[in-house]
Amino acid sequence: MAKDSAKSQRDLITDLDSHQNDPLLHLTTVGRCIGRHGATVRSWIDQGLLKAVRVGSLWKVRKSEVAKLLSHS
């Protein structure tokens, strides 16, 4: 079991490193960048139109997810 735990920790670190050039953005920042209110961005997350991750009590969106959203619209 300890090996599984160590493996998952290594995977997590690798995953974090892979997002080094893909920052997490606050919903308000995303809204400003695309000309929408942060509440609209939150609504898109709730509807499943935009992927987000929870960091503590805040929701954050990867820059690449914003790019995907813009490329589909």
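**A buried arginine and the nonpolar core**

In this predicted model, Arg62 is buried yet forms no salt bridge, the nearest side chain of opposite charge being that of Asp22, 4.5 Å away. Because a salt bridge is counted only within 4 Å, the distance of 4.5 Å between Arg62 and Asp22 does not qualify. The backbone of Asp22 nevertheless provides a polar partner, since its oxygen lies 2.6 Å from a polar atom of the Arg62 side chain. Arg62 itself belongs to strand E3, and this strand, which spans residues 58-62, is among the elements that cover the buried residues of helix H2.

In soluble globular proteins, nonpolar side chains tend to be buried together. The largest nonpolar core here comprises 11 residues, namely Leu25, Leu27, Val30, Ile34, Val41, Trp44, Ile45, Leu50, Val61, Val66 and Leu69. Two or more of these residues come from each of helix H2 (27-34), helix H3 (38-47) and helix H4 (63-72). Within the core, Leu50 touches Val41, Trp44, Ile45, Val61, Val66 and Leu69, and it also touches Glu65, when residues up to four places away in sequence are not counted.

Helix H2 has two contrasting sides. Its buried residues are Leu27, Val30, Gly31 and Ile34; these cover an arc of only 100° around the axis and therefore lie on the same side of H2. The covering of these buried residues includes strand E1 (24-26), H3, strand E3 and H4, whereas Arg32 and Cys33, on the other side of H2, are exposed. Just after H2, Gly35 adopts a positive phi of about 75°.

Terms used:
Residues numbered from 1 in each chain as written. Predicted model: local features only at pLDDT ≥ 70, side-chain atom pairs only at ≥ 80, totals over all residues. Heavy atoms only, no water. Core = buried A, V, L, I, M, F, W, Y, C linked by side-chain atoms within 4.5 Å. Buried < 20%, exposed > 50% of the residue type's maximum accessible area, 1.4 Å probe, protein only. Helix = DSSP H or I, 4+ residues; strand = E, 2+ residues; numbered from the N terminus. Contact = heavy atoms within 4.5 Å. Arc of directions from axis to C-beta. Lys, Arg positive; Asp, Glu negative; His and termini not counted. Polar contact = N/O pair within 3.5 Å; in protein donor to acceptor, adjacent residues only side chain to side chain.
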